[in-house]
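Visitor: Could you take me slowly through one part of this structure, the long helix, and show me what it carries and how it is tied to the rest of the chain? I am in my first year, so please explain the reasoning as you go.

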Amino acid sequence: MKTLFWMLITAFMSYNVGSVIAHNVVKTECQRLGEFYIGQTVYDCTKTEPSNK
């Protein structure tokens with residue numbers, strides 16, 4: 001039972017760390033190149049600022 005608990009905790013933490021790393025990679029590529037790619041598809045990056053109401 002303990003093993004299952006730690007496996008679930010490890011999977012949850014791995015998912016979260018992977019998500020943070022992926023977002024940082026996309027952010028870095030957008031800042032550096034203005035675009036990023038996944039496979040053969042290239043995505044253009046545009047920056048938007050929140051509007052102050």
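Guide: This is a predicted model, and across the protein the pLDDT averages 92, with 98% of the residues scoring at least 70. That confidence is highest in α1, at 95, and lowest in strand β1 (residues 35–38), at a mean of 88, and α1 is the helix you asked about.

Helix α1 covers residues 2–33. A check on its length is possible, because at 1.5 Å a residue its 32 residues should span 46 Å, and the C-alpha atoms at its ends are indeed 46 Å apart, which agrees. Just after the helix comes Gly34, with a positive phi of about 80°.

Consider next what the helix shows on its surface. Phe5, Trp6, Ile9, Phe12 and Met13 make a nonpolar surface patch of about 550 Å². Met13 belongs to α1, and it counts as partly exposed because its relative accessibility is 46%, a value that lies between the 20% and 50% limits of that class. As a general point, an α-helix has 3.6 residues a turn, so residues three or four places apart point the same way.

A similar spacing appears in a charged pair, for Glu29 and Arg32 are three residues apart in helix α1 and are therefore separated by about one helical turn. These two residues form a salt bridge, in which the closest N and O atoms are 2.4 Å apart. Arg32 is exposed, because its relative accessible area is 58%. The count of salt bridges comes to two, and the other pair is Lys47 with Glu49, whose closest N and O atoms are 3.5 Å apart; both Lys47 and Glu49 are exposed.

Finally, there is the tie between the helix and the rest of the chain. A search of the whole structure finds one disulfide, formed by Cys30 and Cys45, whose sulfur atoms are 1.9 Å apart. This pair links distant parts of the chain, since Cys30 sits in helix α1 while Cys45 lies in the segment after β2 (41–44), 15 residues apart. The torsion about the S-S bond of Cys30 and Cys45 is about -55°, and the disulfide is therefore left-handed. Cys30 counts as partly exposed because its relative accessibility is 21%, and Cys45, with a relative accessible area of 22%, is partly exposed as well.

Terms used
Residues numbered from 1 in each chain as written. Predicted model: local features only at pLDDT ≥ 70, side-chain atom pairs only at ≥ 80, totals over all residues. Heavy atoms only, no water. Patch = residues over 30% accessible without salt bridge, like charges linked within 9 Å, V, L, I, M, F, W, Y side chains within 5 Å. Areas by Shrake-Rupley, 256 points an atom, 1.4 Å probe, with all protein chains shown as cover. Salt bridge = Lys/Arg side-chain N within 4 Å of Asp/Glu carboxyl O. Helix = DSSP H or I, 4+ residues; strand = E, 2+ residues; numbered from the N terminus. Buried < 20%, exposed > 50% of the residue type's maximum accessible area, 1.4 Å probe, protein only. Disulfide = S-S within 2.5 Å. Expected span 1.5 Å × (residues − 1). pLDDT = per-residue confidence, 0-100.
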